[in-house]
Amino acid sequence: MADETKIPEKTPPPEKKAPPAAGNGKGLLTSFKDDIKSLPDEMKGKVKDQVEAAKDPAKTQIFTSIFRHKHDDTPRNRALGVLSNVFLHLHPAKINRDAVRYNYTWGMGGITFYLFIVLTFTGVLLMFYYHPTKVQAFRDVLYLEHDVPFGKILRNMHRWAAHLMIIAVWLHMFRVFLTGSYKKPREFNWNVGVILLVLTLLLSFTGYLLPDDQLGFWAVTVGTNMARATPMLGHEGPFGSQLGMTPYNDVRFGLLGGSIVDANALLRAYIWHCIGIPIIASIFMIVHFWRVRKDGGISGPAPVILASEVKEARR
Amino acid sequence: MDWRQLWEISSTPDNVPIVALLPLVVFYCWLAWKQARANDALIAQLEADPALAKTHHRKTYPWQPGWQKEIHVWPFLLRVEFLAAIIVTIILMVWSITLNAPMEEPANPNLTMNPAKAPWYFLGLQEMLVYFDPWIAGVVMPTLIIIGLMAIPYIDTNPLGSGYYTWKQRKFSISTFFFGFIVLWVSMIIIGTFIRGPGWLWFWPGQTWDHNKIVYEVNRDLPDLFGLTTQPLKGIFGLLAVGAYFVIGGLGLHTLFKRYNPKDYARMSFLQYNTMMFLMLLMVSLPLKIAIRLLFHIKYVWVTPWFNV
Ligand code: HEM
């Protein structure tokens, strides 16, 4: 332990000069009076400087600490605006001049992603009011519909955005197919897309049960009844009973956490819907977007290739 | 004509997306078709004029020398994205204000809904339950659809048509996908939504749903038609019938494919070619099974003690 009292001895304090403007040698009281007298003028100057600075907010310390570049309209700044922003930097700085045409991509991938964000946002809000239990689930939805401020529009938006997302994913896949965008080098990203398609459908399906009403109950009953018939893994499927499958140990039991759609199924649907699948889907989306960039950006609109230019490899 | 019934079906809140899907699919098919036609015209022009092909920028979009090939994402792409987000938000808002999400009675296992329908996006599979056993319609088919979709990039060896709309350069792949997506998937959903009523029976649009309707259908198995009614024979016959479908169908498809897509055929490896053939034959078997069911009242082709096809 250092002896604190000895420190001043080791490093003697610098020679005491007169403090520069400590009242210019005047007494405390006089300098106090002078200070008060000059205060209005000094503050006026500071206010003026402040107003001047406010005219150019881009130069303030707060601004420059947030945005890492200037914002006057130069090519460099346009590029930096995208590249130095964590949300935008998935984009390149520049793209093919025709790729921004709506006709080509129909914007469907982007719309799908936007709907996913809307669903996450409204979904989290819904979670504040919803308990995944047989006793409360249905009442919670009724409560949302009738008592929670904006609860009805919240629920509606979540539902319709989910339907819209499915339509958008299908159309996105359709467009990717029609533009041949799954061809080299994008084969892998098409596969990531197929997984995203399945995840989107599963997200919607698991959500269907959550209001715990007749519609969801029977839809999920119809849907999961098919799992009974899984070959080898379901008790009604081919070779299922031969392999020892019963309603109490087959794949459907695993999905529902029981032999019927009941409390456990509700809880499982809830966890898959709100935690499991969204996380998995987010991971795949990250990979999907990353690969769009790595595969050379959007596939087109590319210059057409003529059949006569293709060199055929003999087989 | 029962307009009320028709209105009831198409205004059921959860059916509205399908009502919206129809015009959207038609619109986007048209949009793609328009661009494909323009590109095909350009391709034909360039194929006919090699000198022009050397100098042309090869897009149907306007182009002048001196124009930049690339533009800034900020603002040219971001403003489109921003606009799209606003438009989608507005559509969602209006939709959510005008139409309420469905909420039925509390779930009741003792009160079966009739018809009990899966969510609309799975209705194609539910429709298949009419023609196939659940293990096929509910498990094997979805699995094969996923596998088939994933296989597409690896079995389509055609180097043309990558990054632009075209029809003439990709007739085979586009018609196959169109058949699978529009004819099989989307139209089955439409049948499942608008046509299937109580008891999953067929009601034409505008026909009143009759909850007591019963249809007596005497369905036979294919082996029965040949007088085979005892088990080992039925099973063996079915195996042969399915085998024959794959062999004869495969050979027929082979000739057709070789005749109309000689280049693709030459390019494809053994594995690619057989995977494509297998998936194609499976896909074609769907409408075939539907047809023999509707025309000849045949329920199963292959009957075994463990499973029926
Ligand atoms: C949650 C679902 C999905 C999201 C959020 C998503 C998002 C996107 C986005 C934003 C793009 C950029 C181009 C565009 O907007 O069209 C894109 C491109 C692409 N997507 Fe998806 N997508 C999804 C599902 C799919 C599916 C189902 C497939 C195919 C089966 C797919 C295959 C592709 C491919 C191959 C590209 C590259 C296209 C090109 O370069 O032209 N994606 N995706």
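Around the ligand in this predicted model sit 25 residues, and the ones that come nearest are His172(A), Arg175(A), Gly193(A), His288(A) and Ser299(A). One of these, His288(A), also makes a polar contact: a polar atom of its side chain is 2.8 Å from a ligand nitrogen. Two contacts go to ligand oxygen instead. Arg186(A) places a polar side-chain atom 3.1 Å from an oxygen atom of the ligand, while Gly109(A) uses a polar backbone atom, 3.4 Å from a ligand oxygen. As for the elements behind the shell, those that supply two or more residues are helices H6 (108-127), H8 (151-178), H9 (187-209) and H12 (263-294) of chain A. H9(A) has the largest share, with 6 residues. In character the shell splits into 12 nonpolar, 11 polar and 2 charged residues.

A couple of backbone details in chain A are worth a look. The loop between H8 and H9 of chain A holds Pro185(A), and the peptide bond leading into this proline from Lys184(A) is cis, its omega being near 0°. Further along, in the loop between H9 and helix H10 (214-228) of chain A, comes Asp212(A). Its phi is near 60°, a positive value although the residue is not a glycine. Asp212(A) has a relative accessibility of 6%, so it counts as buried.

Chain B has its own versions of both features. Here the cis peptide bond runs from Asn114(B) to Pro115(B), again with omega near 0°, and Pro115(B) is placed in the loop between helix H5 (78-98) and helix H6 (123-128) of chain B. The positive phi, near 70°, belongs to Arg58(B), which is not a glycine either. That arginine is found in the loop between helix H3 (50-55) and strand E1 (70-72) of chain B. With 12% relative accessible area, Arg58(B) is buried.

Turning to the rings, the count of aromatic pairs over all chains comes to 37. One of them joins Trp135(B) and Phe307(B) edge-to-face, with 5.6 Å from centre to centre and 70° between the planes. Trp135(B) belongs to helix H7 (residues 134-155) of chain B, and Phe307(B) to the segment after helix H12 (270-296) of chain B, so the pair ties together parts 172 residues apart in sequence. Both partners are out of the way of solvent by the cut-off of under 20%: Trp135(B) is buried at 15% relative accessibility, and Phe307(B) is buried at 13%. Rings in chain B also meet charges. The charged end of Lys213(B) sits over the ring of Phe203(B), 4.6 Å from its centre, and that of Lys289(B) sits over the ring of Phe132(B), at 4.7 Å from the centre.

Finally, the UniProt record can be laid over chain B. An unreviewed entry there lists "transmembrane region" for residues 16-33, 76-97, 135-155, 176-195, 236-257 and 278-296 of chain B. Among them, the span 76-97 is 95% helix and 0% strand in the model, and its end C-alpha atoms are 32 Å apart. The span 176-195 of chain B is 100% helix and 0% strand, with 26 Å between the end C-alpha atoms. UniProt also lists, again from an unreviewed entry, "domain: Cytochrome b/b6 C-terminal region profile" for residues 53-192 of chain B. This stretch of chain B is 56% helix and 2% strand, and its end C-alpha atoms lie 49 Å apart.

Methods: Residues are numbered from 1 along each chain as its sequence is written. Chains are lettered from A and ligands numbered from 1 in the order in which they are written. This is a predicted model: local features need pLDDT of at least 70, side-chain atom pairs count only at pLDDT 80 or more; totals for chains, interfaces and linings use all residues. Side-chain values use heavy atoms; hydrogens and water are left out. A residue is near a molecule or strand if one of its heavy atoms lies within 4 Å of it. A polar contact is a pair of N or O atoms within 3.5 Å; within protein, one must be able to donate a hydrogen and the other to accept it, and residues adjacent in sequence count only if both atoms are side-chain atoms. Helices (H or I, at least four residues) and strands (E, at least two) are DSSP runs, numbered from the N terminus. Ala, Val, Leu, Ile, Met, Phe, Trp, Tyr, Cys and Pro count as nonpolar, Asp, Glu, Lys and Arg as charged, and the others, Gly among them, as polar. UniProt positions are given in the numbering used here, feature names are shortened, and annotations may be inferred rather than shown by experiment. Rings of Phe, Tyr and Trp (its six-membered ring) pair if their centres lie within 6.5 Å; planes under 30 degrees apart count as stacked, over 60 as edge-to-face and the rest as tilted. Buried means under 20% relative accessible area, exposed over 50%, partly exposed in between (1.4 Å probe, protein chains only). A charge sits over a ring if NZ of Lys or CZ of Arg is within 6 Å of the ring centre and within 35 degrees of the ring normal.
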